[in-house]
Amino acid sequence: MILAANLKCNHTRASFERYAKALDEGLAGEILRENEILVFPPASAFCAKVKNFTQGAQNFYPCESGAHTGEIGKAMLDEFGVKSVLIGHSERRELGESEKLLRAKFDFAVKAGWQTVYCIGENLSVNEAGGTKEFLAEQLKNIELGYERLLIAYEPIWAIGTGKSASAEQIEGVLNFIREQTSAPLLYGGSVNVANIGGIAGIANCDGVLVGTASWDASKFLELIRVVSHRYTSLS
């Protein structure tokens with residue numbers, strides 16, 4: 001199971017060092033053998049002391065470095081050994097990131113050989129109108145679905161940070177649809193928490209989760225990881 005934490009605009013360098021230490025100490029043995037753990041902190045909080053999980057970037061600009069005010073280039077990520085990136089999160093799209101820019105980011109990530117978590121998702125009006133699959137299909141046309149280090153995160157916008165997760169049946173239907181188009185690992189994100197992660201993890205085509213609010217505290221993220229690990233231990 002892949003468990004990814006998007007810390008968004010939270011944590012300073014000092015607080016993330018404490019987070020990373022707590023997470024490293026809590027990840028051991030069976031948990032690490034059964035799961036892949038990714039954490040995406042703010043770039044200003046990158047930590048050089050990461051052992052048992054992969055540290056990734058929430059955002060970057062498709063360049064090595066250069067005259068790009070306020071942006072994060074590959075040289076900056078290289079300094080911390082970052083080789084995993086988020087692309088296409090709805091909160092970045094809402095800030096104006098176009099399909100053209102997202103494709104440029106994706107192509108740059110592919111050239112760099114980075115692990116890429118590409119986010120797709122529909123808003124409430126599209127969902128209620130029954131247009132989810134068509135909407136997601138258009139978003140998926142923007143990338144090469146055969147890239148070997150690609151992960152796709154389905155995050156319905158109407159469920160991000162709202163406390164309202166999609167039902168298991170809704171998630172299963174969408175992930176089955178995406179699976180028809182790619183063999184890339186599929187994640188679900190959208191108000192994932194301790195109460196629903198067990199059911200989400202049990203969906204056949206769900207290879208993991210992208211967690212927001214419930215991952216911002218290391219102890220709570222560890223609790224999610226342990227729920228999933230216990231579930232798989234019980235099934236084995």
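**Figure 1. Glu 25 and Lys 21 within helix H1 of the predicted model.** Helix H1 holds both Glu 25 and Lys 21, which are four residues apart, or about one turn of the helix. Their side chains form a salt bridge with an N to O distance of 2.7 Å. Side chains of opposite charge can pair when their charged atoms come close. Over the whole structure, a search finds 10 salt bridges.

**Figure 2. The open sheet and its edge strands.** Eight strands, paired in parallel, make up an open sheet. Their order across the sheet is S3-S2-S1-S8-S7-S6-S5-S4. Strand S3 (54–55) and strand S4 (84–87) occupy the edges. Each of these two has a single partner strand, so one side of each is left without a neighbour in the sheet.

**Figure 3. Pairing of strands S1 and S2, with helix H1 packed on the sheet.** Strand S1 comprises residues 2–6 and strand S2 residues 36–40; the two run parallel and are joined by five bridges. Within this pair, Ile 2 is placed opposite Glu 36 of S2. Helix H1 (residues 13–26) packs on the sheet and touches S1, S2 and S3. The direction of helix H1 makes about 175° with that of S2.

**Figure 4. Lining of the largest pocket.** Rolling a probe the size of a water molecule over the atoms shows where empty space is left. The largest pocket contains about 350 Å³ of space. Its lining consists of 17 residues, with Lys 8, Cys 9, Gln 58, Asn 59 and Arg 92 nearest the centre. Nine of the lining residues are nonpolar, five are polar and three are charged.

**Figure 5. Lining of the second largest pocket.** The volume of the second largest pocket is about 190 Å³. Of the 18 residues that line this pocket, Gly 161, Ser 191, Val 192, Gly 212 and Thr 213 lie nearest its centre. By class, the lining of the second largest pocket has five nonpolar, 11 polar and two charged residues.

How values were computed: Residues numbered from 1 in each chain as written. Predicted model: local features only at pLDDT ≥ 70, side-chain atom pairs only at ≥ 80, totals over all residues. Heavy atoms only, no water. Pairing = 2+ DSSP bridges. Contact = heavy atoms within 4.5 Å. Axes fitted to C-alpha atoms, helices over the stretch in contact; angles between N-to-C directions. 1 Å grid on protein atoms, 1.4 Å probe; cavity = no way out; pocket = protein on both sides within 12 Å on 5 of 7 lines; lining within 4 Å. Points joined across faces, edges and corners; volume = space filled by probe spheres on them. Nonpolar A, V, L, I, M, F, W, Y, C, P; charged D, E, K, R; others polar. Salt bridge = Lys/Arg side-chain N within 4 Å of Asp/Glu carboxyl O.
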